[in-house]
Amino acid sequence: MTVAAPAIERRTPTQEALCNGLLALLPGGAVLTDPEDLRPFECDALAVYRRLPLVVVLPETIAQVQAIMRLCHELQVPVVARGAGTGLSGGALPLRDGVLLSLAKFTRILHIDAPNALATVQPGVRNLAISEAAAAHGMYYAPDPSSQIACTIGGNVAENSGGVHCLKYGLTVHNILMLKVVTMEGELLSIGAETLDAPGYDLLALLTGSEGMLGIIVEVTVKLLARPQRAQVILAAFDDVVKAGEAVGAIIAAGIIPAGLEMMDKLAIQAAEDFVHAGYPRDAAAILLCELDGSNAEVSEYIVAVRHLLTHNGATEVRTAVDEAERQLFWKGRKSAFPAVGRISPDYYCMDGTIPRHRLPQVLRQISLWSGEYGLAVANVFHAGDGNLHPLILFDANRPGELARTEEFGRRILQLCVEVGGTITGEHGVGMEKIDQMCIQFQSGELAQFHALKAAFDPDGLLNPGKAVPTLHRCAEFGAMHVHHGQLSHPELERF
Amino acid sequence: MSDMSTAMQQQVHDAIGSRTPLHICGGNSKNFLGHAPQGEVLPASMHSGIIEYDPRELVLTARAGTPLAEIEAALSKAGQMLTFEPPHFGAHATLGGTIACGLSGPRRPYAGAARDAMLGCKLLNGRAELLRFGGQVMKNVAGYDVSRLMVGAYGTLGVLLECSLKVLPRPAASLTLIHECAQEEAIGRMSQLLSQPVPVDAACYHTGHVYIRLAGSEQAVKQAHANLGGAVIENAAPFWQSLREQQLPFFHSGKPLYRVLVKPATAPLAIPGAWLLDWGGAQRWLASDAPVADIRKGVAAAGGHVTCWRGHAPAAEIFEPLPAPLFKLHQRLKLSFDPHGIFNRGRMYPHL
């Protein structure tokens, strides 16, 4: 017997109007409602949160996005935007009563303008594809998140993605010039400019990292940089993580800004080594990978200086990659650290706090103490140059209570990051995952200001509701903040 | 070196009560920018002092009234600098004014703007609330990037109390090359450098000469000079300093001065007047008697925008007018921070 799927039977009149309206706006195949078709969109890379959306739309023109937004605005239906779904904080988690708007069909590189050092691309273009296209001009796009072969530039903007080269080359916010954005009302806005500064407020900065809460990004103009003549990596081993941390400070104090400066601890080293055989010293307590780039002469000059600094700061072994193949191999170990840990544990939970660099010994010591207390192993990988720490907590979700213990452990790590003057998220975003930790980092005044700012873009709260900024009520329940009803600084605002 | 935030908060609180517009005033060095200030002065320069600076962390936090000169002296002592080489435009320039105006010097295209260095801030909003955004770490994506929104907002969204900035080591070596050529050739040369791995940190075209400043390690500068060739200017620092501070005679011709932003490779613009090209051609200064409307039209045709900088006739719009939907969004954002419209009213745009 063929009857309508149960999901369709449960639709309200508004949902019925929405689905019919979307079918009228978009070509066949661009509107998905069958639960089987919705399944691939139920989560992003934070798979512990899953939910089927009411409908998935796959527009391919800006006009279609505008029409979808107008319809959703008219019917007051929430919209969640999605790029490649590689996000690590649940930012693209769908809503049961909402539209999931996939930008997957926006995959064209519109133009590369080498004389002006910029490229204009659609949001669904993969991060690495931009650099590949710019290579013909000797140029590249600098931010390189570990997921760069899959993640899209639209998602990078929404999350303000970083990568291993941020210390020298900055985050997404430092490497884009202009966005085209469709508002919840369906209006198309140009934000920023092809020129270095744009008139008016710096909305480009505001949109970057806004996690789909302020608008739908439909076009991105990025800056391109000249590809350095040479890049070289030094690997240094230490018998103590504190010494490795001090070596990082010494390199920076010497006036050298490496292109990348990464640290891994013993468990991460061993997991990576077993996985990709990068040639890491398995018995080291910590390794540093220090990449230097620039002209030939400059790199040679810095290699000598950095090797000296590392040795002086207690490195037990210092190795310079002998050729490009070995350089790639050293990086492969680091870039594979997450899947490598995935091989040695049924599950792992990746944290993303940033701390002032000199607090590293204290934070690692505390994590190690808690690791013993909770009976959960932790592997640490660290963007040491910019203080961004990724502790990976190893656990087994099939053991009763272990996920809950892991989450509690993780919360304590993030709280510690805030206490030492850092932040709960360096580059993965708040999304669904860290919404409660926002109550630790911000007071009610800041949160109310965030909601007011959001309302300036999206007064009805229809863009990605429930993510990134917690309601004051939620924080009150979380226990980090005490709110008396009626004493909010913005009683007129909706709290979503 | 004192914390005046309580008094400042009280003044904002009182101004809200009496609906008195406030003119936030630091060192008064950039008073000439934008529309004329209105309202009661909110003095910001006494709220002063460097709060935290550890060179190894590459971060400096200071109260907004701290003199820029004091900050630069502290950085210099540790061999570091503000990446964006901000112009002072006066001996009393403060950190807060510099950030609020969002101005950057000759290094901007190569080392980033004021907004790129901004990591966090403490501010008073238009409800007299003391709020903190961002932080003192390089990477931070918790919450909207309000700190960067404050850069270049001309104090219309709030009173800056503290700023944390990313700082960097001063380059070990620097060398300036000079070459005589026409403007068109200069634009081509400066644009070509963008796709070459050369350690350029400033490039400008002035009185028939293109100036290229190389900066980096000793070896990097030496090798780049060998590759590029050309004549070297001994002791070029005073030249770059007078470009940064607009002390070259070009800036004092007596004619109205306009700031023109275009894509760097844009061909010479056929607008009558004298031109000086900074930022490798991306920021162009025009001294001209041509009507503002004609200048805007000519620049817009090249995809750029114009700010009336100094000496212009009273203009309805000093900054480039915004398209209506974008301006509406600006007004809503302004209200979200400053619901009673008391901060630097009309300084940036009328009705904002």
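1. Let me start with a term: a salt bridge here is a side-chain nitrogen of Lys or Arg within 4 Å of a carboxyl oxygen of Asp or Glu. By that rule, 5 salt bridges span the interface of chain A and chain B. Please keep in mind as you read that this is a predicted model.

2. The interface itself is a good place to begin. Chain A brings 89 residues to the contact and chain B brings 71 residues. Together the two chains bury about 6,400 Å² between them, with carbon and sulfur atoms giving 60% of that area. If you would like a few residues to look at, try L196(A), Y201(A) and Q449(A): they supply 13% of the area that chain A buries against chain B, more than any other three residues.

3. Polar contacts also link the two chains: 33 residue pairs are counted between chain A and chain B. On the chain A side, the elements that give two or more residues to the surface touching chain B include α7 (166–169), β9 (188–192), α8 (203–207) and α16 (438–441). Helix α17(A) gives the most to that side, with 9 residues.

4. Two of the salt bridges between the chains can be looked at by name. In one, the side chains of K263(B) and E194(A) meet at 3.1 Å, N to O. In the other, R115(B) pairs with D202(A), and their closest N and O atoms are 2.8 Å apart. This second pair runs from helix α5 (residues 114–117) of chain B to the loop between β9 and α8 of chain A. R115(B) is buried, at a relative accessible area of 10%, and D202(A) is buried too, at 13%.

5. Over all chains, the whole structure holds 34 salt bridges. Within chain A, K168(A) reaches D293(A), with the closest N and O atoms 2.6 Å apart. K168(A) sits in helix α7 of chain A and D293(A) in strand β14 of chain A, so this bridge ties together parts that are 125 residues apart in sequence. The partners differ in their exposure: K168(A) is partly exposed, at 33% relative accessibility, whereas D293(A) is buried, at 6%.

6. A further pair in chain A is K434(A) with E433(A), where the closest N and O atoms are 3.1 Å apart. Both K434(A) and E433(A) are buried. In chain B, salt bridges with shared partners join E85(B), R107(B), D201(B) and R213(B) into one network.

7. Helix α11 of chain A (residues 296–312) deserves a look of its own. Its 17 residues reach 25 Å from the first C-alpha to the last, close to the 24 Å expected at 1.5 Å a residue. The buried residues of α11(A) are E298(A), V299(A), Y302(A), I303(A), V306(A), L309(A) and L310(A). Viewed down the axis of α11(A), these fall within an arc of 140°, so they line one face of the helix. As background, an α-helix has 3.6 residues a turn, so residues three or four places apart point the same way.

8. What do the buried residues of α11(A) pack against? In chain A their partners are β12 (230–238), α9 (241–253), β14 (286–294) and β15 (317–320), and chain B adds α8 (218–228). The face of α11(A) turned away from the buried side carries the exposed residues V304(A) and H312(A). Just after α11(A), G314(A) takes a positive phi of about 95°.

Conventions
Residues numbered from 1 in each chain as written. Chains lettered and ligands numbered in written order. Predicted model: local features only at pLDDT ≥ 70, side-chain atom pairs only at ≥ 80, totals over all residues. Heavy atoms only, no water. Helix = DSSP H or I, 4+ residues; strand = E, 2+ residues; numbered from the N terminus. Expected span 1.5 Å × (residues − 1). Buried < 20%, exposed > 50% of the residue type's maximum accessible area, 1.4 Å probe, protein only. Arc of directions from axis to C-beta. Contact = heavy atoms within 4.5 Å. Buried area = accessible area lost by both parts, 1.4 Å probe. Polar contact = N/O pair within 3.5 Å; in protein donor to acceptor, adjacent residues only side chain to side chain.
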